[in-house]
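These are my notebook entries on what I looked up in the structure, entry by entry.

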Amino acid sequence: MNPQTRERLNKILGRIPLHVVIIILCLLWILPTLGLLVTSFRPVQDVNESGWWTVLSERGGNVAYETYCASCHGPAGDALPAADLSDPEFISQYRRSIQISATFNNEYDGEIHIPEDQRPNADELATILTALREGAEGEARPRFWLQNYIDVLAGYRGRLTYAADCEAGNIIPGQRECDFLTDATVSQAAMGRAFINTVIVSVPATLIPIFFAAFAAFAFSWLDFKGRQALFAILVGLQIVPLQMALIPIFRLYVDVGLNGTFLGVWLFHTGFGLPYAIYLTRNFLGSLPMEIFESVYLDGASAWTAFTRLALPLSIPAIASLGIFQFLWVWNDLLVALVFLGGTNPVMTYQIGNMVTSLGAGWHLLTAAAFLSFLVPMIVFFGLQRYFVRGLLGGAIKG
Amino acid sequence: MAALRRKKKPKTKRTVPLIMRQGTVTPWLFVIPALIIIFIYIAYPTLYTGYLSLRNSDSSEWATAACREGETCWGVFENYRYALTSDVMLKSFRNNILWLVIMVPGVTAMGLLFAVLVDRVRYEALAKALIFMPMAISFVGAGVIWGFVYDFPVNPDNPNAPIIGILNAALVSLGQKPVPWLSSPPLINNLALIVVGIWLYTGFGMTILSAAIKGVPDELLEAARIDGASEWMVFWRIMVPLILPTITVVLTTMTIFTLKLFDIIYVMTGGNFDSNVVAVRMYQEMYINFEAGRSAAIAVVLLILIIPVLIYNIRRFQEQEAIR
């Protein structure tokens with residue numbers, strides 16, 4: 001080996017620890033989210049029976065069957081014709097695991113069915129029975145399904161299939177036709193409805209502050225008026241006033257004027273608390289543009305209005321994009337404002353999930369599906385427009 | 001961050017360019033709508049909350065009315081007595097301090113670590129995106145994610161109950177007993193919650209610090225290395241002092257985030273098991289106990305805690321403007 005290659009090799013080897021550390025940290029960072037994602041697609045029984053990391057291994061029931069029963073009953077359960085465990089009719093006699101464990105003391109041809117020390121415990125037996133029943137009926141449950149999403153979208157907590165249950169008249173929201181889409185968009189308990197509400201809240205609550213901020217930012221950067229610097233310094237300070245300060249007064253105000261529980265009320269609240277940061281960010285951007293371009297339009301006889309609409313607005317599109325994405329995600333992910341001003345009247349997704357966690361104790365299969373639904377849009381926005389989002393977030397300060 | 005973009009231009013005396021003089025009325029037409037909204041939603045409520053904090057639970061009388069004979073009373077500041085000295089509130093403050101002491105340096109250190117590490121590899125963008133991703137999702141969602149990580153079996157006495165929380169599964173595979181992470185007060189559950197906070201915000205710290213690190217001139221670092229300084233020394237003696245302003249920004253920003261923290265605790269423990277914090281307490285006083293006065297007093301305390309940072313931000317802004 002010549003010295004040059006050796007040196008290069010050493011360099012590469014020397015960097016291995018670095019890569020290992022980075023990769024381990026990154027894996028650690030995404031592991032929790034991965035668990036959520038996998039779980040949201042697993043059938044209820046699996047979620048409750050085994051950890052999500054075992055998703056690709058053999059199911060517990062089958063494993064336990066292999067261990068305890070297969071030696072006599074055969075891998076398919078049909079080795080003993082008089083006790084054919086793969087026969088649906090036969091297995092349907094044993095509805096509960098207790099009924100099977102009762103046979104363990106039976107003697108067949110002088111031999112005890114299963115000796116005391118080789119028996120599965122109650123939990124294992126239950127999983128064996130489930131596995132046997134599913135095997136016998138020939139419809140083993142899939143490893144992944146979309147049922148959790150269907151249930152959670154329609155606000156339908158955990159029975160097997162939405163359509164079948166609905167036709168049997170079991171559907172919770174009422175006696176309508178079995179119209180999944182309608183149930184998902186009407187039912188108060190549904191994430192489908194909450195998803196729509198979240199969109200209704202987020203879009204205007206992003207556009208309105210940007211609209212007002214653009215005007216104000218233009219004036220703060222390219223128009224002169226008395227107290228301009230002082231006012232702007234105050235705005236800088238207001239950015240971090242905690243929105244807790246406004247909850248009670250605005251809540252009372254809304255009760256008086258009938259804005260409580262309305263979308264308009266929330267839009268305006270987000271506008272109020274979004275504005276200082278929005279103005280700050282946009283002004284910093286506009287203020288960094290060269291003065292000459294404004295000079296030239298004014299010299300051409302344009303008014304402040306024309307300079308704003310024709311020049312400042314088009315030029316500040318990148319800043320507005322950053323701001324928009326930042327504000328959009330902020331509102332989309334907000335819980336406190338929605339909790340106070342919308343509550344259950346027009347529940348948004350964060351409210352709905354918070355409710356599922358705290359009061360209803362919905363199963364993890366539904367909670368994870370609901371949470372992932374709420375991540376869908378932020379994830380798309382984030383991975384699609386990451387650069388703008390980062391710029392919006394790092395633009396200089398923090399907000400209420 | 002702003003501190004980074006500080007441009008070193010020659011100082012010139014500030015004069016308003018002629019171009020900007022567009023009459024006295026026009027500029028106000030541009031700013032007034034925004035100012036009115038800000039006034040209604042931030043300025044007026046802040047003052048009103050201050051007033052409410054001196055009133056009783058339904059704001060019908062001064063807070064003095066809540067005083068009982070023979071007990072300590074702060075008169076019209078009675079709500080502040082509750083906000084500053086009651087057991088529940090003291091516990092909340094203790095937890096907030098725990099959060100501050102661990103999460104603020106935690107995020108800064110982890111962020112710095114990541115920023116330095118990924119700066120040296122080619123898949124920097126991917127690694128950063130993975131670390132930063134939690135910032136894009138809701139805290140409520142993060143609560144669900146971590147609630148699942150911390151899951152504790154419903155009937156822990158049954159040795160065969162399946163364990164579906166990955167953290168407890170790891171413990172059990174090491175021969176330990178599962179731990180009820182979120183209901184073991186006061187240290188374990190608060191730490192478990194703080195880990196969630198660090199997980200969420202590290203991406204934020206990393207992104208800001210990474211930008212600062214990229215701003216450090218390579219020649220400086222190289223020169224030190226050639227002089228025989230170890231990587232460790234290069235980092236502490238050259239890198240850290242140079243990015244100190246940015247580190248301060250991360251520290252102050254995280255301090256504010258931490259003080260205002262609400263969602264994680266509200267969703268994951270609801271403030272139970274001694275895990276309450278000030279912001280959650282404020283909500284509970286108002287919407288669960290219907291104690292408007294106390295709730296307002298807590299909000300005011302929160303604001304007062306934040307005011308130093310607020311003033312610092314304005315100062316920093318004015319300095320920047322001066323050299324703009």
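**Entry 1: positive phi, Phe290(B) and Asp109(A).** I looked up Phe290(B) and found a relative accessibility of 60%, so the residue counts as exposed. The model is a predicted one. I located Phe290(B) in the loop between α12 (278-287) and α13 (292-323) of chain B. Its phi is near 55°, a positive value in a residue other than glycine.

In chain A I noted Asp109(A), which is not a glycine either and has a positive phi of about 50°. Asp109(A) sits in the loop between β1 (107-108) and β2 (111-112) of chain A. Its relative accessibility is 81%, so I entered Asp109(A) as exposed.

**Entry 2: a cis peptide bond.** I then checked the peptide bond from Pro185(B) to Pro186(B), which is cis, with omega near -15°. Pro186(B) belongs to the loop between α7 (166-173) and α8 (187-215) of chain B.

**Entry 3: chain B as a whole.** How many helices and strands are there in chain B? I counted 13 helices and zero strands. For chain B the radius of gyration is 25 Å, well over the 20 Å that the globule rule gives for 324 residues, so the chain is more spread out than a compact globule. Along the principal axes, I recorded a box of roughly 70 × 65 × 35 Å for the C-alpha atoms of chain B.

I entered 53% of the 324 residues of chain B as buried. Of the contacts in chain B between residues at least 6 apart in sequence, 67% join residues at least 24 apart. The area that chain B exposes is about 15200 Å², and carbon and sulfur atoms supply 65% of it.

**Entry 4: salt bridges.** Over all chains, the count I obtained is 11 salt bridges. I examined several of them in chain B.

Lys91(B) pairs with Asp274(B), with the closest N and O atoms 3.5 Å apart. This pair links distant parts of the chain, 183 residues apart: Lys91(B) is in helix α4 (residues 87-118), while Asp274(B) is in the loop between α11 (263-268) and α12. I looked up the accessibility of both partners: Lys91(B) is partly exposed at 40%, and Asp274(B) is partly exposed at 29%.

For Lys214(B) and Glu124(B), the closest N and O atoms of the salt bridge are 2.9 Å apart. Lys214(B) lies in helix α8 and Glu124(B) in helix α5 (residues 124-132), so the pair ties together parts of chain B that are 90 residues apart in sequence. Is Glu124(B) buried or exposed? With a relative accessible area of 14%, Glu124(B) is buried, whereas Lys214(B), at 45%, is partly exposed.

Glu285(B) and Arg281(B) meet in a salt bridge with an N to O distance of 3.0 Å. Both residues lie in helix α12 of chain B, four residues apart, about one turn of the helix. I noted that both Glu285(B) and Arg281(B) are buried. I also found that Asp119(B), Glu124(B), Lys128(B) and Lys214(B) are joined into one network by salt bridges that share partners.

**Entry 5: chain A, domains and surface.** The domain assignment divides chain A into domain 1 (3-40), domain 2 (59-137) and domain 3 (191-396). Taken over C-alpha atoms, the centres of domain 2 and domain 3 of chain A are separated by 61 Å.

On the surface I found a nonpolar patch formed by Leu9(A), Leu13(A), Ile16(A), Val20(A), Ile24(A) and Leu28(A), with about 520 Å² of accessible area together. Of these I looked up Val20(A), which is in helix α1 (residues 3-40) of chain A. Its relative accessible area is 39%, so Val20(A) is partly exposed.

**Entry 6: two buried residues of chain A.** Thr271(A) is in helix α14 (residues 263-287) of chain A. With a relative accessibility of 0%, Thr271(A) counts as buried. What does Thr271(A) touch, not counting residues up to four places away in sequence? I listed Ile208(A), Pro209(A), Phe212(A) and, from chain B, Ile37(B).

I placed Ala338(A) in helix α18 (residues 336-341) of chain A. Ala338(A) counts as buried at 6% relative accessibility. Leaving out residues up to four places away in sequence, Ala338(A) touches Gly343(A) and Val348(A). I also looked up its separation from Leu207(A), 131 residues apart along the chain: the C-alpha atoms are separated by 18 Å.

Definitions and conventions
Residues numbered from 1 in each chain as written. Chains lettered and ligands numbered in written order. Predicted model: local features only at pLDDT ≥ 70, side-chain atom pairs only at ≥ 80, totals over all residues. Heavy atoms only, no water. Buried < 20%, exposed > 50% of the residue type's maximum accessible area, 1.4 Å probe, protein only. Contact = heavy atoms within 4.5 Å. Patch = residues over 30% accessible without salt bridge, like charges linked within 9 Å, V, L, I, M, F, W, Y side chains within 5 Å. Areas by Shrake-Rupley, 256 points an atom, 1.4 Å probe, with all protein chains shown as cover. Salt bridge = Lys/Arg side-chain N within 4 Å of Asp/Glu carboxyl O. Rg over C-alpha atoms; globule rule 2.2 N^0.38 Å. Domains from an automatic or database assignment.
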